[in-house]
Amino acid sequence: MSQAADRTAPVRCEISDAVAVITIDRPERRNALNLEVKQALAELIDAAAADPAVRVIILTGSDRYFVAGTDIGEMATMTPTSHTLQATDRVFNVLRRVDKVLIAAVEGYALGGGCELALCCDLIVAGETARLGQPEIRVGIMPGAGGTQRLVRTIGKYQAMKLVLTGEAVSARDALTMGMVSEVCEDGQALARSRELATTIAAMPPLAVRAIREVMQQGQDMALDSALALERRAFQMLFDTQDQKEGMQAFLEKRAARYQGR
């Protein structure tokens, strides 16, 4: 199945072969996140997550950029109350609830809110010259959509502190070394490589994919013994699924498995 997109919209979604590609298309501002973009992103992510035909969601940006940050021109006059009333963090809350695999295909800049958007994903594929960082301190604020908390859980306290206190961006290669991205590819190939990964994951048994995501997300904030118990229960529960029986039978019969998500 393939679903066309509105090419004039600041955010668009295309669905093909169980993969939804959501593209931020605001090239005149290097895809900076304003309220319109964040609202459209939230709605398209929600719709893709609710679509039973979609198994993996890719987030990317147009014109050689992921997201250069949150739109400072719009944000400069905001107040604490306006942030609350306009739900400026809605898209990040939506991403936290998604139960499907999320991949960020990053080219160019992923800074500020753009870096936080990528950090919401399960995998990050970055082009060779991409740069990632949290420069909010340089304009008198701090990361406010998960940057401090996700970074410290991803790359550790000392690397995270350096990034958020200096506002310095890091190269894709340095981000890979730090454990901040999953893979680095040639410039211009982040989306193509993300599609390859998405296609591979979409062909996996859906219940096992969901169980892995849930256990890893919940377990990272638990004591090790509790996390291991959570993993063991999820492992055992998968033996009640048709996909487990199909997968193991297909292996024994040396044929491709046909997973149904049951």
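Which residues does Ile57 touch, once we leave out those up to four places away in sequence? I would like to start there, and I should say at once that what we are looking at is a predicted model. In this model Ile57 touches Ala20, Ile22, Ile45, Ala48, Ala49, Val98, Val101, Leu102 and Ile103, again not counting residues up to four places away in sequence.

That list leads us to the nonpolar interior. The largest nonpolar core has 51 residues, and within that core Leu41 and Ile57 are the members that touch the most other members. Helix H1, which covers residues 35-50, supplies the largest share of this core, namely seven residues. There is also a second core, separate from the one just described, with 16 residues, among them Ala18, Val21, Leu197 and Val209.

Let me turn next to Asn31, which sits in the loop between S3 and H1. Is Asn31 buried or exposed? Its relative accessibility is 0%, so Asn31 counts as buried, the limit for that word being under 20%. The side chain of this asparagine reaches two backbone oxygens, that of Ser62 at 3.0 Å and that of Tyr65, also at 3.0 Å. If we list the contacts of Asn31 and leave out residues up to four places away in sequence, we find Ile24, Asp25, Arg26, Gly61, Ser62, Tyr65, Phe66, Val67 and Ala68.

Asp25, which we have just met as a contact of Asn31, brings me to the charged pairs. How many salt bridges does the structure hold? There are 13 of them, and I will go through a few. In one, the side chains of Arg12 and Asp25 meet at 2.8 Å, N to O. Arg12 belongs to strand S2 (residues 11-16), whereas Asp25 lies in the loop between strand S3 (19-24) and H1, so this pair ties together parts that are 13 residues apart in sequence. Arg12 is buried, with 12% relative accessibility, while Asp25, with 22%, counts as partly exposed.

Another salt bridge joins the side chains of Arg153 and Asp221, at 3.2 Å, N to O. This pair links distant parts of the chain, since Arg153 is in helix H6 (residues 147-155) and Asp221 is in the loop between helix H10 (206-219) and helix H11 (224-237), 68 residues apart. Arg153 has a relative accessible area of 47% and is therefore partly exposed, and Asp221, at 52% relative accessibility, counts as exposed.

The side chains of Arg64 and Asp63 also meet in a salt bridge, here at 3.4 Å, N to O. Arg64 is exposed at 61% relative accessibility, and Asp63 is partly exposed, with a relative accessible area of 38%. Beyond these pairs, salt bridges link Arg26, Glu28, Arg29 and Asp71 in a network.

Finally, the aromatic side chains. The structure holds two aromatic pairs, and I will describe one of them. The ring centres of Phe235 and Phe239 are 5.2 Å apart and the ring planes stand at 70°, so the pair is edge-to-face. Phe235 is partly exposed at 40% relative accessibility, and Phe239 is partly exposed as well, with a relative accessible area of 37%.

How values were computed:
Residues numbered from 1 in each chain as written. Predicted model: local features only at pLDDT ≥ 70, side-chain atom pairs only at ≥ 80, totals over all residues. Heavy atoms only, no water. Core = buried A, V, L, I, M, F, W, Y, C linked by side-chain atoms within 4.5 Å. Buried < 20%, exposed > 50% of the residue type's maximum accessible area, 1.4 Å probe, protein only. Helix = DSSP H or I, 4+ residues; strand = E, 2+ residues; numbered from the N terminus. Contact = heavy atoms within 4.5 Å. Phe/Tyr/Trp six-rings, centres within 6.5 Å; stacked < 30°, edge-to-face > 60°. Salt bridge = Lys/Arg side-chain N within 4 Å of Asp/Glu carboxyl O. Polar contact = N/O pair within 3.5 Å; in protein donor to acceptor, adjacent residues only side chain to side chain.
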